[in-house]
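Thanks for coming. I will take one chain today, overall features to begin with and then a handful of individual residues. Please have a look at the slide before I start.

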Amino acid sequence: MELRSQEMRKNAPELDPLRIGTGWKPEDLSKPQVMIESTFGDSHPGSGHLDILVEEVRKGIEEAGGHGARYYCTDICDGESQGTDGINYSLASREMIANMIEIHANATPFDAGVYLASCDKGMPGNLMGLARVDVPSVVVPGGTMNAGPEMLTLEQLGMYSAKYQRGEIDEEKLNWAKCNACPSCGACSFIGTASTMQIMAEALGLALPGSALMPATSPDLLAFAREAGAQAVKLATMPGMCPSDIVTMDSFENAILVHAAISGSTNCLLHIPALAHEFDIEITGDTFDRLHRNARYLLDVRPAGRWPAECFYYAGGVPAIMEEIREHLHLDVMTVTGKTLGENLDELKKNGFYERCEKWLQDFNARYHVSLKKEDIIRPYADAIGTDGSIAILRGNLAPEGAVIKHTACPKEMFKAVLRARPFDSEEECLDAVLNHRVEKGDAVFIRYEGPKGSGMPEMFYTSEAISSDKELGRSIALITDGRFSGASTGPVIGHCSPEAVDCGPIALVEEGDLIEIDVEARKLNIIGIGGERRSMEEVAAVLEERRKNWKPREPKYKKGVLRLFSEHAASPMKGAYLEY
């Protein structure tokens, strides 16, 4: 078969001299040409090391007889943006990364691609981009950072900050945590959005088996990057190995079952539907809810579990998770190895993969003076931490299109509750009320106008941490928003409430003292009373209709730039908040 790059050379005589001027040798021009796309940049630890992996990918491409060209579109860091308007750019950046990858690849067609990313929007942006480009592709997940002293990890900073603001710890202790929470490069060391999406890349069959969420400092990751480069060259000459040939509804169902097993980030409910949309496949919150019901939750890793994320690889990573839930997976799906998922899993048992993981686990035990076994990190199927997945989609007159709760991180006391509404029209107002004890037991705290169209759908991380770290409030109130939460968030938090407030969703009509019903097991989220008094559902509907007549649209928050574009075209949170043109 003729390579796409060679067809381009025939049509564009300037192409060869321009590439020679870039540093290509004349003999490179006729080789399979591989675009190496990464989020490398000095923006944060999750991307600062990717240039090292890029060079390993280039070596692998060269050794396999191809030539690699480096392209970059760096991502931003949600953690660095927290508490500022910078976080409003986070979700929009996913779309811009995908757009730039589309531009890079289609302006000068390549025969294959290798995509390297680690973090919250970098990984889903690259996945969406490779779906649009649709040439044979391999993903290299950038890995996770090491834990600090006392197994300190970054998601604990919100707790330390809230304790400091309440006067429970001094500034010296807070500074200690700041200086030790990120001791290396890589994604944050917990099952947040970055870790979840790395795992999803492998679960979908787009990354090499066993490569997701390795320690970013591990020499094994360098070997995987080199192998990924060589595999991309191989795929370039194989028919039927584009992402659209590999990723199917069955692939997405496998990934969602893995998501349930790891208690993955709720932000996955934004990214997986948006990625599926690029493949013309419909995934909704209901898909997640259906597959999570009765699914086993197995991974004892923070924030819902006990151990830092580097332990995931030491316990066998995605393959070990898949072995535990093997009977529920579609084992015949194709992957970037050119083999099926079932064949990959069988091969890993024979090639020493799990023995290498065990060696690293023993090194971890020695470092922290613990005695962990694989089963302490990834629980056996028969001894699961939970048996109903990790998230639920709630619906009712408050969220007709749905809202999401990570019930594995929610206190059992809040699984069924009737609470008093305390609405706030921004996170800043709400956080101030929580920290200054103007929120009481039994309140349903609302943060609204923070959805995709409202302000870019930022994370409500500081407010959720202030609540969950409060011994009393963390088990007696709920936080409900049309915004989203960090993958590190814990506590009684419900996000993605749809339709959002800026579209006059019911969340915009809630008033002080309304009674809010939460029922996780029944998947309900309803307004069941007005002004502190219970009413029939018909009476509530009539009151909401009257309030809707008096509701006035808010002036757009952003009048130019990227966030204006995003706010004008973003789909519903429950669809994935991708751009609808």
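I will begin in a loop. Proline 499 sits between strands β10, residues 493–498, and β11, residues 515–519. The peptide bond joining serine 498 to proline 499 is cis, with omega at about 0 degrees. Keep in mind that this is a predicted model, so every value I quote is computed from predicted coordinates.

Serine 498 comes up again when we look at alanine 399. Setting aside residues up to four places away in sequence, alanine 399 touches Leu394, Cys497, Ser498 and Leu525. Alanine 399 lies in the loop between β5, residues 392–394, and β6, residues 402–405. Is alanine 399 buried or exposed? Its relative accessible area is 0%, so alanine 399 is buried. As for leucine 525, 126 residues separate it from alanine 399 in sequence, while the two C-alpha atoms are 6.6 Å apart in space.

There is another cis peptide bond to point out. This one joins arginine 302 and proline 303, with omega at about 10 degrees. Proline 303 is in the loop between α14 and α15, the latter being residues 310–314.

Now the chain as a whole. It has 24 helices and 13 strands. The C-alpha trace spans about 80 × 55 × 50 Å along its principal axes. A compact globule of 581 residues would have a radius of gyration near 25 Å, and the chain has 24 Å, so the two agree. Buried residues account for 63% of the 581. If we take contacts between residues at least 6 apart in sequence, 75% of them join residues at least 24 apart.

On the surface, the chain exposes about 21600 Å², and 50% of that is supplied by carbon and sulfur atoms. For charge, the count is 60 positive and 86 negative side chains, and the centres of the two sets lie 1 Å apart.

Next, the interior. Which residues have the most contacts inside the largest nonpolar core? They are Leu127, Ile199, Phe252, Val258, Ile272 and Ile377, and that core has 116 residues. A second core, separate from it, has 34 residues, including Ala403, Phe415, Tyr449 and Trp551.

Phenylalanine 252 is worth a closer look. Not counting residues up to four places away in sequence, it touches Leu204, Val247, Ile272, Leu275, Ala276, Phe279, Ile281 and Ile283.

Two residues with positive phi come next. Serine 263 has phi near 55 degrees, a positive value in a residue other than glycine. It is placed in the loop between α12, residues 249–262, and α13, residues 268–278. With 2% relative accessibility, serine 263 counts as buried. Asparagine 294 is not a glycine either, and has a positive phi of about 70 degrees. Its place is the loop between α14 and α15. Asparagine 294 is exposed, because its relative accessible area is 61% and the cut-off for exposed is over 50%.

Last, threonine 287. It belongs to helix α14, residues 285–292. Its relative accessibility is 8%, so it counts as buried. Apart from neighbours within four places in sequence, threonine 287 is in contact with Met249 and Ile256.

That is what I have for today.

Technical notes
Residues numbered from 1 in each chain as written. Heavy atoms only, no water. Helix = DSSP H or I, 4+ residues; strand = E, 2+ residues; numbered from the N terminus. Buried < 20%, exposed > 50% of the residue type's maximum accessible area, 1.4 Å probe, protein only. Contact = heavy atoms within 4.5 Å. Rg over C-alpha atoms; globule rule 2.2 N^0.38 Å. Areas by Shrake-Rupley, 256 points an atom, 1.4 Å probe, with all protein chains shown as cover. Lys, Arg positive; Asp, Glu negative; His and termini not counted. Charge placed at Lys NZ, Arg CZ, Asp CG, Glu CD. Core = buried A, V, L, I, M, F, W, Y, C linked by side-chain atoms within 4.5 Å.
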